[in-house]
Amino acid sequence: MFSAVGYAAVQARVRARRSRLLDGPAWQRLLDLNRPAGIVDALLTTPYGPYLVEVNGADTTVSSDDDLASARLERGLQRRFDDETRGLADLVPPRARDLLDWYASAALVQDLKLLVRALHHGRGLDEALAAAVRIRPEHPVAQELSRSRTLDALLQGLGRGPYAHALGQAWERYRLEGRAFYLEVALDLTFGRGLVERIEALAGADRADATALLGVALARGNLLSAVRYRALAGVSPEEIVNFCLHRDLGGGLAMVQRVAAGASVWDEAAALGVHLAPDRDERSALLELERITERDQRTAAERRNGRMPFGIGLVLAYLIELAAEGRDLTTLVEAKGQDLDDTDLRQRVQREVT
(Lines give C-alpha, C1' and ligand atoms only; values in the text may rest on other atoms or scores of the structure.)
Protein backbone atom coordinates (compact mmCIF):
# COMPACT_ATOMS: atom_id res chain seq x y z
CA MET A 1 0.00 0.00 0.00
CA PHE A 2 2.79 2.44 0.87
CA SER A 3 4.42 1.80 -2.49
CA ALA A 4 1.19 2.53 -4.33
CA VAL A 5 0.73 5.80 -2.44
CA GLY A 6 4.36 6.75 -3.09
CA TYR A 7 3.92 6.28 -6.83
CA ALA A 8 0.43 7.78 -7.18
CA ALA A 9 1.71 11.21 -8.24
CA VAL A 10 3.95 9.87 -10.99
CA GLN A 11 1.56 7.32 -12.45
CA ALA A 12 -0.75 9.81 -14.20
CA ARG A 13 2.24 11.88 -15.32
CA VAL A 14 3.86 8.88 -16.99
CA ARG A 15 0.62 7.86 -18.71
CA ALA A 16 0.21 11.39 -20.08
CA ARG A 17 3.79 11.58 -21.30
CA ARG A 18 3.62 8.17 -22.91
CA SER A 19 0.60 9.34 -24.91
CA ARG A 20 2.83 12.10 -26.35
CA LEU A 21 5.27 9.67 -27.95
CA LEU A 22 5.13 9.77 -31.75
CA ASP A 23 2.33 7.63 -33.14
CA GLY A 24 2.24 5.64 -36.38
CA PRO A 25 0.91 8.43 -38.64
CA ALA A 26 3.52 10.87 -37.29
CA TRP A 27 6.29 8.38 -38.03
CA GLN A 28 4.94 7.80 -41.52
CA ARG A 29 5.03 11.54 -42.21
CA LEU A 30 8.65 11.67 -41.09
CA LEU A 31 9.52 8.65 -43.24
CA ASP A 32 8.04 10.39 -46.27
CA LEU A 33 10.34 13.43 -45.90
CA ASN A 34 13.54 13.39 -47.94
CA ARG A 35 16.02 15.54 -46.03
CA PRO A 36 17.32 15.51 -42.44
CA ALA A 37 16.66 19.23 -42.02
CA GLY A 38 13.05 18.76 -43.09
CA ILE A 39 12.56 15.97 -40.55
CA VAL A 40 14.02 18.07 -37.76
CA ASP A 41 11.86 21.07 -38.70
CA ALA A 42 8.78 18.81 -38.69
CA LEU A 43 9.57 17.84 -35.10
CA LEU A 44 9.21 21.47 -33.98
CA THR A 45 5.44 20.91 -33.60
CA THR A 46 5.96 17.86 -31.35
CA PRO A 47 7.05 17.69 -27.69
CA TYR A 48 10.63 17.81 -29.00
CA GLY A 49 10.04 21.32 -30.31
CA PRO A 50 11.04 23.36 -27.23
CA TYR A 51 14.30 21.42 -26.90
CA LEU A 52 15.16 21.87 -30.58
CA VAL A 53 14.48 25.60 -30.30
CA GLU A 54 16.63 25.77 -27.17
CA VAL A 55 19.68 24.26 -28.86
CA ASN A 56 19.10 26.38 -31.98
CA GLY A 57 18.75 29.78 -30.36
CA ALA A 58 16.13 32.15 -31.71
CA ASP A 59 15.73 30.62 -35.18
CA THR A 60 12.18 29.59 -36.06
CA THR A 61 13.48 26.69 -38.12
CA VAL A 62 16.30 24.39 -37.12
CA SER A 63 18.56 24.71 -40.12
CA SER A 64 18.73 24.35 -43.86
CA ASP A 65 22.02 22.52 -43.38
CA ASP A 66 21.45 18.77 -43.03
CA ASP A 67 24.60 18.03 -41.01
CA LEU A 68 23.92 20.90 -38.60
CA ALA A 69 20.29 19.85 -38.23
CA SER A 70 21.33 16.30 -37.36
CA ALA A 71 23.73 17.48 -34.66
CA ARG A 72 21.09 19.75 -33.15
CA LEU A 73 18.53 16.97 -33.18
CA GLU A 74 20.86 14.77 -31.13
CA ARG A 75 21.35 17.51 -28.54
CA GLY A 76 17.62 18.20 -28.39
CA LEU A 77 16.84 14.51 -27.87
CA GLN A 78 19.40 14.23 -25.09
CA ARG A 79 18.12 17.32 -23.32
CA ARG A 80 14.53 16.16 -23.38
CA PHE A 81 15.50 12.75 -21.97
CA ASP A 82 17.58 14.34 -19.20
CA ASP A 83 14.86 16.83 -18.35
CA GLU A 84 12.09 14.24 -18.20
CA THR A 85 14.15 11.74 -16.20
CA ARG A 86 15.03 14.28 -13.55
CA GLY A 87 11.49 15.66 -13.49
CA LEU A 88 9.96 12.24 -12.89
CA ALA A 89 12.57 11.49 -10.22
CA ASP A 90 11.10 14.28 -8.10
CA LEU A 91 7.77 12.43 -7.90
CA VAL A 92 8.84 8.99 -6.65
CA PRO A 93 9.91 7.57 -3.24
CA PRO A 94 13.52 8.18 -2.08
CA ARG A 95 15.26 4.99 -3.27
CA ALA A 96 13.56 5.13 -6.63
CA ARG A 97 14.46 8.83 -6.86
CA ASP A 98 18.08 8.00 -6.18
CA LEU A 99 18.06 5.46 -9.01
CA LEU A 100 16.43 7.84 -11.50
CA ASP A 101 18.76 10.70 -10.59
CA TRP A 102 21.73 8.41 -11.11
CA TYR A 103 20.30 7.06 -14.38
CA ALA A 104 20.01 10.66 -15.58
CA SER A 105 23.66 11.28 -14.70
CA ALA A 106 24.57 9.39 -17.90
CA ALA A 107 24.15 12.81 -19.53
CA LEU A 108 26.83 14.25 -17.26
CA VAL A 109 29.15 11.35 -18.11
CA GLN A 110 28.77 12.08 -21.82
CA ASP A 111 29.36 15.80 -21.25
CA LEU A 112 32.54 15.06 -19.32
CA LYS A 113 33.79 12.73 -22.05
CA LEU A 114 33.23 15.44 -24.66
CA LEU A 115 35.23 17.90 -22.58
CA VAL A 116 38.00 15.43 -21.77
CA ARG A 117 38.51 14.71 -25.47
CA ALA A 118 38.45 18.38 -26.43
CA LEU A 119 40.91 19.38 -23.70
CA HIS A 120 43.19 16.40 -24.30
CA HIS A 121 43.47 17.10 -28.02
CA GLY A 122 43.56 20.87 -27.58
CA ARG A 123 40.64 21.68 -29.86
CA GLY A 124 36.97 22.52 -30.01
CA LEU A 125 36.25 23.34 -26.36
CA ASP A 126 33.55 25.88 -27.25
CA GLU A 127 31.96 23.36 -29.58
CA ALA A 128 32.09 20.69 -26.87
CA LEU A 129 30.42 23.01 -24.35
CA ALA A 130 27.73 23.92 -26.87
CA ALA A 131 26.99 20.21 -27.35
CA ALA A 132 26.77 19.50 -23.61
CA VAL A 133 23.46 18.48 -22.06
CA ARG A 134 24.02 19.00 -18.34
CA ILE A 135 27.03 21.34 -18.29
CA ARG A 136 25.49 24.69 -19.23
CA PRO A 137 27.20 28.13 -19.03
CA GLU A 138 26.20 28.54 -15.37
CA HIS A 139 27.64 25.15 -14.36
CA PRO A 140 30.81 25.34 -12.19
CA VAL A 141 32.73 23.27 -14.75
CA ALA A 142 31.92 25.73 -17.55
CA GLN A 143 32.87 28.66 -15.33
CA GLU A 144 36.21 27.10 -14.37
CA LEU A 145 36.97 26.26 -17.98
CA SER A 146 36.26 29.84 -19.03
CA ARG A 147 39.16 30.88 -16.79
CA SER A 148 41.58 28.07 -17.60
CA ARG A 149 41.04 25.67 -20.45
CA THR A 150 42.80 22.72 -18.88
CA LEU A 151 41.91 19.31 -17.52
CA ASP A 152 42.88 20.60 -14.08
CA ALA A 153 40.13 23.22 -14.41
CA LEU A 154 37.67 20.46 -15.31
CA LEU A 155 38.48 18.67 -12.05
CA GLN A 156 38.25 21.91 -10.08
CA GLY A 157 34.82 22.64 -11.53
CA LEU A 158 33.51 19.22 -10.59
CA GLY A 159 34.46 19.71 -6.95
CA ARG A 160 33.54 16.70 -4.86
CA GLY A 161 31.39 13.81 -5.95
CA PRO A 162 31.68 10.34 -7.47
CA TYR A 163 32.67 11.46 -10.96
CA ALA A 164 35.27 13.89 -9.65
CA HIS A 165 36.63 11.09 -7.48
CA ALA A 166 36.77 8.73 -10.48
CA LEU A 167 38.70 11.22 -12.60
CA GLY A 168 41.01 11.94 -9.69
CA GLN A 169 41.85 8.26 -9.31
CA ALA A 170 42.60 7.87 -13.03
CA TRP A 171 44.48 11.16 -13.20
CA GLU A 172 47.97 9.92 -12.38
CA ARG A 173 47.88 7.17 -14.97
CA TYR A 174 46.59 9.64 -17.53
CA ARG A 175 49.48 12.00 -16.80
CA LEU A 176 52.02 9.20 -17.02
CA GLU A 177 50.77 7.70 -20.29
CA GLY A 178 48.91 10.61 -21.87
CA ARG A 179 45.83 8.55 -22.79
CA ALA A 180 42.41 10.10 -22.19
CA PHE A 181 41.02 6.58 -22.52
CA TYR A 182 41.73 5.97 -18.82
CA LEU A 183 39.64 8.95 -17.77
CA GLU A 184 36.70 7.83 -19.90
CA VAL A 185 36.85 4.27 -18.57
CA ALA A 186 36.83 5.63 -15.01
CA LEU A 187 33.65 7.59 -15.73
CA ASP A 188 31.91 4.59 -17.32
CA LEU A 189 32.83 2.31 -14.43
CA THR A 190 31.57 4.80 -11.88
CA PHE A 191 28.23 5.11 -13.67
CA GLY A 192 27.85 1.32 -13.96
CA ARG A 193 28.77 0.66 -10.33
CA GLY A 194 26.39 3.35 -9.15
CA LEU A 195 23.56 1.93 -11.22
CA VAL A 196 24.08 -1.58 -9.80
CA GLU A 197 24.21 -0.27 -6.24
CA ARG A 198 20.96 1.65 -6.66
CA ILE A 199 19.14 -1.26 -8.28
CA GLU A 200 20.26 -3.54 -5.46
CA ALA A 201 19.06 -0.97 -2.90
CA LEU A 202 15.48 -1.42 -4.12
CA ALA A 203 13.17 -4.11 -2.79
CA GLY A 204 10.42 -6.39 -4.03
CA ALA A 205 8.75 -5.63 -7.34
CA ASP A 206 10.76 -2.42 -7.81
CA ARG A 207 14.03 -4.32 -7.70
CA ALA A 208 12.71 -7.02 -10.04
CA ASP A 209 11.53 -4.40 -12.53
CA ALA A 210 14.77 -2.42 -12.42
CA THR A 211 16.78 -5.59 -12.93
CA ALA A 212 14.67 -6.65 -15.92
CA LEU A 213 14.60 -3.20 -17.51
CA LEU A 214 18.12 -1.97 -16.76
CA GLY A 215 20.14 -4.79 -15.23
CA VAL A 216 19.90 -7.23 -18.13
CA ALA A 217 21.13 -4.62 -20.59
CA LEU A 218 23.89 -3.58 -18.17
CA ALA A 219 25.20 -7.15 -17.90
CA ARG A 220 25.22 -7.61 -21.65
CA GLY A 221 26.92 -4.23 -22.05
CA ASN A 222 29.62 -5.38 -19.65
CA LEU A 223 30.22 -8.40 -21.87
CA LEU A 224 30.42 -6.16 -24.94
CA SER A 225 33.00 -3.96 -23.19
CA ALA A 226 35.12 -6.91 -22.09
CA VAL A 227 35.28 -8.39 -25.60
CA ARG A 228 36.06 -5.02 -27.17
CA TYR A 229 38.83 -4.32 -24.68
CA ARG A 230 40.26 -7.73 -25.50
CA ALA A 231 40.42 -6.74 -29.17
CA LEU A 232 42.38 -3.53 -28.45
CA ALA A 233 46.11 -3.68 -28.97
CA GLY A 234 48.11 -3.31 -25.77
CA VAL A 235 45.29 -4.11 -23.32
CA SER A 236 46.37 -6.94 -21.01
CA PRO A 237 44.04 -9.51 -19.43
CA GLU A 238 44.56 -7.80 -16.07
CA GLU A 239 43.48 -4.48 -17.56
CA ILE A 240 40.38 -6.02 -19.12
CA VAL A 241 39.36 -7.16 -15.64
CA ASN A 242 40.11 -3.72 -14.19
CA PHE A 243 38.23 -1.89 -16.94
CA CYS A 244 34.97 -3.85 -16.53
CA LEU A 245 32.30 -4.13 -13.85
CA HIS A 246 32.82 -6.89 -11.30
CA ARG A 247 29.14 -6.78 -10.29
CA ASP A 248 26.76 -6.33 -13.18
CA LEU A 249 23.57 -8.23 -12.24
CA GLY A 250 24.73 -10.94 -14.64
CA GLY A 251 27.97 -12.89 -15.07
CA GLY A 252 30.02 -10.27 -13.25
CA LEU A 253 33.66 -10.79 -12.40
CA ALA A 254 33.72 -14.47 -13.37
CA MET A 255 32.46 -13.63 -16.85
CA VAL A 256 34.99 -10.84 -17.30
CA GLN A 257 37.83 -13.12 -16.20
CA ARG A 258 36.74 -15.77 -18.68
CA VAL A 259 36.63 -13.25 -21.51
CA ALA A 260 40.06 -11.91 -20.54
CA ALA A 261 41.36 -15.48 -20.74
CA GLY A 262 39.89 -15.93 -24.24
CA ALA A 263 36.34 -17.22 -23.70
CA SER A 264 33.95 -17.22 -26.63
CA VAL A 265 31.51 -14.31 -26.90
CA TRP A 266 28.96 -16.83 -28.23
CA ASP A 267 29.18 -18.90 -25.03
CA GLU A 268 29.08 -15.89 -22.71
CA ALA A 269 26.16 -14.33 -24.59
CA ALA A 270 24.24 -17.61 -24.33
CA ALA A 271 24.73 -17.54 -20.56
CA LEU A 272 23.02 -14.12 -20.62
CA GLY A 273 20.09 -15.37 -22.68
CA VAL A 274 21.27 -14.43 -26.19
CA HIS A 275 22.04 -17.09 -28.80
CA LEU A 276 24.15 -15.45 -31.49
CA ALA A 277 24.41 -16.73 -35.04
CA PRO A 278 27.36 -19.15 -35.12
CA ASP A 279 28.46 -18.36 -38.69
CA ARG A 280 29.59 -14.75 -38.08
CA ASP A 281 32.89 -13.20 -37.11
CA GLU A 282 33.30 -11.69 -33.65
CA ARG A 283 32.70 -8.13 -34.78
CA SER A 284 29.40 -9.09 -36.41
CA ALA A 285 28.45 -11.10 -33.34
CA LEU A 286 28.96 -8.04 -31.13
CA LEU A 287 26.75 -5.93 -33.38
CA GLU A 288 24.10 -8.65 -33.23
CA LEU A 289 24.34 -8.72 -29.43
CA GLU A 290 23.84 -4.95 -29.33
CA ARG A 291 20.75 -5.12 -31.55
CA ILE A 292 19.20 -7.99 -29.62
CA THR A 293 19.86 -6.26 -26.29
CA GLU A 294 18.13 -3.09 -27.46
CA ARG A 295 15.21 -5.07 -28.90
CA ASP A 296 14.81 -7.07 -25.70
CA GLN A 297 14.87 -3.92 -23.58
CA ARG A 298 12.11 -2.37 -25.69
CA THR A 299 10.07 -5.56 -25.40
CA ALA A 300 10.52 -5.62 -21.62
CA ALA A 301 9.32 -2.00 -21.45
CA GLU A 302 6.22 -2.78 -23.52
CA ARG A 303 5.38 -5.73 -21.28
CA ARG A 304 5.85 -3.67 -18.12
CA ASN A 305 3.38 -1.08 -19.38
CA GLY A 306 0.66 -3.73 -19.39
CA ARG A 307 1.06 -4.63 -15.73
CA MET A 308 0.36 -2.98 -12.36
CA PRO A 309 0.43 0.81 -12.83
CA PHE A 310 2.47 1.53 -9.68
CA GLY A 311 6.20 1.19 -9.14
CA ILE A 312 9.54 2.26 -10.56
CA GLY A 313 9.01 -0.15 -13.46
CA LEU A 314 6.33 2.06 -15.01
CA VAL A 315 8.68 5.06 -15.00
CA LEU A 316 11.65 3.11 -16.33
CA ALA A 317 9.53 1.53 -19.07
CA TYR A 318 8.48 4.98 -20.28
CA LEU A 319 12.04 6.30 -20.20
CA ILE A 320 13.26 3.28 -22.17
CA GLU A 321 10.57 3.93 -24.79
CA LEU A 322 11.52 7.62 -24.92
CA ALA A 323 15.21 6.79 -25.35
CA ALA A 324 14.35 4.21 -28.03
CA GLU A 325 12.28 6.79 -29.90
CA GLY A 326 15.25 9.14 -29.79
CA ARG A 327 17.57 6.49 -31.21
CA ASP A 328 15.10 5.76 -34.00
CA LEU A 329 14.85 9.45 -34.86
CA THR A 330 18.63 9.74 -34.95
CA THR A 331 18.87 6.65 -37.14
CA LEU A 332 16.15 7.99 -39.45
CA VAL A 333 17.88 11.33 -39.91
CA GLU A 334 21.25 9.68 -40.51
CA ALA A 335 19.71 7.27 -43.03
CA LYS A 336 18.04 10.13 -44.91
CA GLY A 337 21.38 11.92 -44.98
CA GLN A 338 22.92 8.85 -46.62
CA ASP A 339 20.05 8.67 -49.12
CA LEU A 340 19.24 5.06 -48.25
CA ASP A 341 16.34 3.40 -49.99
CA ASP A 342 13.13 2.66 -48.10
CA THR A 343 13.95 -1.01 -47.48
CA ASP A 344 17.35 -0.30 -45.92
CA LEU A 345 15.89 2.54 -43.88
CA ARG A 346 13.15 0.38 -42.37
CA GLN A 347 15.71 -2.30 -41.48
CA ARG A 348 17.72 0.23 -39.49
CA VAL A 349 14.81 1.87 -37.64
CA GLN A 350 13.71 -0.62 -34.99
CA ARG A 351 10.26 0.87 -34.52
CA GLU A 352 7.58 -0.81 -36.61
CA VAL A 353 5.47 1.69 -38.56
CA THR A 354 2.12 0.37 -39.76
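**Salt bridges and a buried asparagine**

Asn222 is buried, its relative accessible area being 5%. The model discussed here is a predicted one, and this asparagine makes a convenient place to start. Asn222 belongs to helix H13, which runs over residues 204-231. A polar atom of the Asn222 side chain sits 2.9 Å from the backbone oxygen of Leu245. Leu245 also appears among the contacts that Asn222 makes beyond its neighbours within four places in sequence; the others are Cys244, Asp248, Met255 and Val256. With a relative accessible area of 5%, Asn222 falls under the 20% limit and therefore counts as buried.

From this polar side chain we can turn to the charged ones. Side chains of opposite charge can pair when their charged atoms come close. In this structure there are 25 salt bridges, and a few of them are worth a closer look.

Glu54 is a good place to begin. One of its partners is Arg79, with 3.4 Å between the closest N and O atoms of the salt bridge. The two residues come from distant parts of the chain, 25 residues apart: Glu54 is in helix H4 (residues 49-56), while Arg79 is in helix H5 (residues 66-89). Their surroundings can be compared through accessibility. Glu54 is partly exposed, at a relative accessible area of 37%, whereas Arg79 is buried, at 9%.

Glu54 also forms a salt bridge with Arg136, at an N to O distance of 2.8 Å. Here Glu54 in helix H4 is paired with a residue of the loop between helix H8 (125-131) and helix H9 (140-147), so the salt bridge ties together parts of the chain 82 residues apart in sequence. Arg136 is partly exposed, with a relative accessible area of 24%. Taken together, Glu54 meets Arg79 of helix H5 in one salt bridge and Arg136 of the H8-H9 loop in another.

A further pair involves Arg295 and Asp296, whose side chains meet in a salt bridge with an N to O distance of 3.2 Å. Arg295 has a relative accessibility of 44% and counts as partly exposed; Asp296, at 25%, is likewise partly exposed. Both values lie between the 20% and 50% limits, which is why neither Arg295 nor Asp296 is classed as buried or exposed.

Finally, salt bridges also join into a network, which links Glu294, Arg298, Arg327 and Asp328.

Key. Residues are numbered from 1 along each chain as its sequence is written. This is a predicted model: local features need pLDDT of at least 70, side-chain atom pairs count only at pLDDT 80 or more; totals for chains, interfaces and linings use all residues. Side-chain values use heavy atoms; hydrogens and water are left out. A salt bridge is a side-chain nitrogen of Lys or Arg within 4 Å of a carboxyl oxygen of Asp or Glu. Helices (H or I, at least four residues) and strands (E, at least two) are DSSP runs, numbered from the N terminus. Buried means under 20% relative accessible area, exposed over 50%, partly exposed in between (1.4 Å probe, protein chains only). A polar contact is a pair of N or O atoms within 3.5 Å; within protein, one must be able to donate a hydrogen and the other to accept it, and residues adjacent in sequence count only if both atoms are side-chain atoms. Contact means heavy atoms within 4.5 Å.
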